[in-house]
Amino acid sequence: MGTTYQPYIDPEFESLIERIYPPSVCIDNEAYQDCTLVKADSANKHGILLEMVQVLTDLDLVISKSYISSDGGWFMDVFHVTDQLGNKLTDESLILYIQQALCANRRRGVSKELPTCLHREVRPRHVSTEHTTLEMAGTDRPGLLSEISAVLFELECHVTAALAWTHNTRAASIIYIEDGFRGGPITDPKRLAHVQEQLENVVEARHGMGERRSVRLTAPAPGQQTHTERRLHQLMYANIDYEPCQGCNGGGAAHRNNCTKTHVFIESCEEKGYSVVNVRSRDRPKLLFDTLCALTDMQYVVFHAVVSSKGAMADQEYFIRQKDGCTLETDSERHKLTQCLIAAIERRVSHQGLRLDIRTHNRMGLLSDLTRAFRENGLSISSAEIGTNGDRAVGSFYVTDASGYEANPQVIEQVKKEIGGSIVVVNKSPGWTPKTSKTPSVASLSRTSSGSSIHEDKPRFSLGSLFWSQLERLSNNFSSIRS
């Protein structure tokens, strides 16, 4: 047998490139009156654009516009950002944090001391390296989150944070837990296996034959971190929540400009070897992050992009190839990407009902008590997020009644009394119209449209109209890519 030789690739090669060509970040408050420019240059690598957007969105900053180019192995990006109130970034500690976080490579990360210098809290968005992680995905049904949290409480597991989404009759959640009495992560393999077995029984109880479901319980693994919301996107994608999604592709340019639904158009730029993806949808916070999660996790590479908003609408244009260098050649590839982009945009805004913000004392079994109170009072949860910090617990829940109707105010008052602490009814989810017909429907935690209808009200923080003229100027510069 002949000897086969293969090239050796040093695993340190990527970090070597980063050391030779370290990232450069410039934060400019002089160029524009109404926004801060964040300019980033670095050696290119797959996923770097998503990593940078992730840093900014984790700080709850609003990205109103972005210009991206990464040909030739070099990445260049300009972000137009403000805080949630539309103000420029003037806090020196925040600016220092952004510079260090955007420059940090995968091994070194951000200094542990730096977040404490900020004048406000940086909310943890990554899978914790200090807690055991539960990932669940499957068919949505009433009371699912309540049953899961009840089992965790019975098994003496304390929930430190949880995030749950529902979309197109699918549900996914990530829950961080620790030992309820000793504290710290649960690392005993036998106990982990027992907890996972009990949780699998709950998830499988009402699943039909052949329905997709998964339950995964893992001990913390230092050095292996995944962004929580990105991981939720991955769980929903694996659960194929995108199949019912259909874009609104009727009419011409005038129709698209006046329509508030999501439009996705994919065409070829053969002379330059790109597939060009145009997305038009309602503007909202984290829209860019959600779109890039879909593109990155589907192994597409963004070479150029222009992203901006005008009034209530946002336009995104991406010049992409697959990671192997190929463009989208078949209708099935283009159709699947269209569905996945629409699903990524919908997941975060598909929640229906009243939003309840809860602030209360952190205690063992809190999530079980909260979700049981909702279930026993006939409320369904379409989205949930809760976290703890010391003896304080803060969370948000979107709820309807069990049939998808608007929750009765008297029921909400009863829930307030049972839960205790501070509960504030913020508002209805944007654009949600309560059902008026009393025709019975299949009860489900998620009552989201399988289409691409986007909410009619204006986004809370949209500065796109201030920058539209600059976008048109940049689009003219990018037009040379097609020629």
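## Getting to know this chain

The chain's accessible surface comes to about 23,000 Å², and carbon and sulfur atoms account for 50% of it. Keep in mind that this is a predicted model.

**Exercise 1.** Work out what share of the 483 residues is buried.

*Solution.* Start with the cut-off: a residue counts as buried when its relative accessible area is under 20%. Apply that along the chain, and buried residues come to 51% of the 483.

**Exercise 2.** Count the helices and strands, then find what share of contacts joins residues at least 24 apart.

*Solution.* Going through the chain gives 12 helices and 16 strands. Next, take the contacts between residues at least 6 apart in sequence: 73% of these join residues at least 24 apart.

**Exercise 3.** Trace the open sheet of 8 strands and say which strands sit at its edges.

*Solution.* Follow the strands in the order 1-2-4-3-11-12-10-9, with antiparallel pairing. At the edges you'll meet strand 1 (24–28) and strand 9 (263–269), each of which pairs on one side only. Stepping from one strand to the next, the twist averages 20 degrees. Now zoom in on strand 1: it pairs with strand 2 (residues 36–43) over 5 bridges, in the antiparallel sense. Here D28 stands opposite L37 in strand 2.

**Exercise 4.** Find which strands helix 2 and helix 8 touch as they pack on the sheet.

*Solution.* Take helix 2 (residues 48–58): it touches strands 2, 3, 4 and 11, and its direction makes about 20 degrees with that of strand 4. Then helix 8 (residues 287–297): it touches strands 3, 4, 10, 11 and 12, and its direction makes about 20 degrees with that of strand 12.

Conventions. Residues numbered from 1 in each chain as written. Predicted model: local features only at pLDDT ≥ 70, side-chain atom pairs only at ≥ 80, totals over all residues. Heavy atoms only, no water. Helix = DSSP H or I, 4+ residues; strand = E, 2+ residues; numbered from the N terminus. Buried < 20%, exposed > 50% of the residue type's maximum accessible area, 1.4 Å probe, protein only. Contact = heavy atoms within 4.5 Å. Areas by Shrake-Rupley, 256 points an atom, 1.4 Å probe, with all protein chains shown as cover. Pairing = 2+ DSSP bridges. Axes fitted to C-alpha atoms, helices over the stretch in contact; angles between N-to-C directions.
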